[in-house]
Amino acid sequence: MELVGIKVRNFKVLRDVLVGLSWEDTQDIPLRKTTVLIGKNGTGKSTLIESIKLISDIYKFGITKAIDIHGGSKFLRHIDSPHKEIQITLYFRGGIDEHYSYQVSVGEDTNGKPIISGEILKMHGWFIKDVYIGNSSENLMNGVSDNLTVLLTLKDILSNIKFIDCIDKRFDFEEVSSYKNASLVCIEHPETGIYWGTLLNLISDLNTVDLTATVNTQFVVTTHSPAILSSAEPHDVWMFRSMTDNDYLTGENIKVRNVNVEYVREMFKSGAAEGEQNVLGCLWMEGVFDSVVFDDN
């Protein structure tokens, strides 16, 4: 299966955002082989990565240990919604007309203990069918039947998500290659401590990597470096933006948009035809994304 979208609600600075494709919404640009997240500090790029890690940790360790690893439930919920559930939904595309969403909700019991308050897998096609609902407040996919193929695939995906944080270490492509069974590799700020010229082909290099024969390995990269956009295309790039000055504190109006709008597409196409280097990076530095990608706000 291919991960095509992630929706996060009430998690830290992210009140309600969608990156990629959802089967319930009209947004129709899926996550790619390599997806790039850009934006200023505090706009939620790393928070989106942490939401993926949270659901992976809940699967691996159970809810109690996972919440402890991430700092405690009261620090994970959105500041303006302290009593609401955290909800993370992953959207997948399987074969022809095989579309799935897997949603996990995290809440608390009457004693304030974190619990899995909801778990549901839906099949989307010409009809919507709930094919699985979890029945455990501590562990995900409790009592999974071995004959439900999609759940076995989902278990394999969640157990093989890898995370590379380059804030405290230099990015090494060999580390990526060492994750032989990875379904998804999340790489944060690979530009740290690296000469910008070595980043120009990073996205195209990642797009050629296949680490497993059973799952198409995907990558999510967060960055502040325009150089990384050199080998990306518009539909690869999602921009996080605070629409007011204090959003880094409350997440009240943080928006996420794909930069694949008409103006950017035309600039990218004409620049590529004329042999210009890193058109997307230049548009980002010049503030074009802020003005045309978010012009509906």
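Ala, Val, Leu, Ile, Met, Phe, Trp, Tyr, Cys and Pro count as nonpolar, Asp, Glu, Lys and Arg as charged, and the others, Gly among them, as polar. Keep that in mind for the cavity at the end of this tour. The model on your screen is a predicted one.

**Stop 1: the mixed sheet**

Begin by selecting strands 8, 9, 10, 3, 11 and 12. In that order, these six strands make up an open sheet with mixed pairing. Now look at the edges, where you will find strand 8 (161-165) and strand 12 (254-258). Each of these has a single partner strand, so one side of each is left without a neighbour in the sheet. From one strand to the next, the twist averages 15 degrees.

**Stop 2: from strand 8 into strand 9**

Stay at the strand 8 edge and add residues 184-188, which are strand 9. Strands 8 and 9 are parallel partners, paired over five bridges. Two pairs of residues are good to label here. Ile161 stands opposite Leu184 in strand 9, and Asp165 stands opposite Glu188 in that strand.

Is strand 9 mostly covered or mostly uncovered? Mostly covered: five of its five residues are buried. Colour its two faces separately to see how this works out. On one side are Leu184, Cys186 and Glu188, on the other Val185 and Ile187, and all of them are buried.

**Stop 3: Val185**

Zoom in on Val185, a residue of strand 9. Its relative accessible area is 0%, and buried means under 20%, so Val185 is buried. What is Val185 in contact with, leaving aside its neighbours within four places in sequence? The contacts are Lys162, Ile164, Tyr179, Leu211, Thr217, Gln218, Phe219 and Val220. Try a distance label as well: Val185 and Ile161 are 5.9 Å apart in space, C-alpha to C-alpha, and 24 residues apart in sequence.

**Stop 4: across to the other edge**

Next, bring in strand 10 (218-222). Strand 9 and strand 10 run parallel and are joined by five bridges. Within this pair, Ile187 stands opposite Val221 in strand 10.

Move on to strand 3 (34-39) and strand 11 (237-242). These two run parallel, with four bridges joining them. Label Gly39 and you can find its bridge partner, Phe240, in strand 11. Then step from strand 11 to strand 12, where the pairing is antiparallel over five bridges. Here Ser242 has Ile254 in strand 12 as its bridge partner.

**Stop 5: the antiparallel sheet**

Hide the strands you have seen and select strands 2, 1, 4, 5, 6 and 7. In this order they form an open sheet of six strands, with antiparallel pairing. Strand 2 (14-20) and strand 7 (128-133) stand at the edges; each has a single partner strand, so one side of each is left without a neighbour in the sheet. The twist here averages 15 degrees from one strand to the next.

For a closer view, pick strand 4 (residues 86-93) and strand 5 (residues 99-108), an antiparallel pair with eight bridges. In this pair, Tyr91 stands opposite Ser101 in strand 5.

**Stop 6: helix 1**

Show both sheets again and select residues 45-61, which are helix 1. Which strands of the mixed sheet does helix 1 lie across? They are strands 3, 8, 9, 10 and 11, and the helix runs at about 140 degrees to strand 8. Helix 1 also lies across strand 1 (2-11), strand 2, strand 4, strand 5 and strand 6 (114-124). To strand 1, helix 1 runs at about 100 degrees.

Within helix 1, click on Ser56. This residue counts as buried because its relative accessibility is 0%. Not counting residues up to four places away in sequence, Ser56 touches Leu158 and Ile161.

**Stop 7: the cavity**

Rolling a probe the size of a water molecule over the atoms shows where empty space is left. How many cavities of 30 Å³ or more does a search of the whole structure find? The search finds one. The largest cavity has a volume of about 90 Å³. To find this spot, select Leu3, Phe92, Ile157, Ser183 and Leu184, which are the closest to its centre of the 11 residues that line the cavity. Colour the lining by residue type and you will see eight nonpolar residues, three polar and no charged.

Methods:
Residues are numbered from 1 along each chain as its sequence is written. This is a predicted model: local features need pLDDT of at least 70, side-chain atom pairs count only at pLDDT 80 or more; totals for chains, interfaces and linings use all residues. Side-chain values use heavy atoms; hydrogens and water are left out. Two strands pair if DSSP finds at least two bridges between them. Axes are lines fitted to C-alpha atoms, for helices over the stretch in contact, and angles run from 0 to 180 degrees between N-to-C directions. Contact means heavy atoms within 4.5 Å. On a 1 Å grid over the protein atoms alone, a cavity is a set of points where a 1.4 Å probe fits but cannot get out, and a pocket is an open set with protein on both sides within 12 Å along at least five of seven lines; lining residues have an atom within 4 Å of a point. Grid points are joined across faces, edges and corners, and a volume is the space filled by probe spheres set on the points. Buried means under 20% relative accessible area, exposed over 50%, partly exposed in between (1.4 Å probe, protein chains only).
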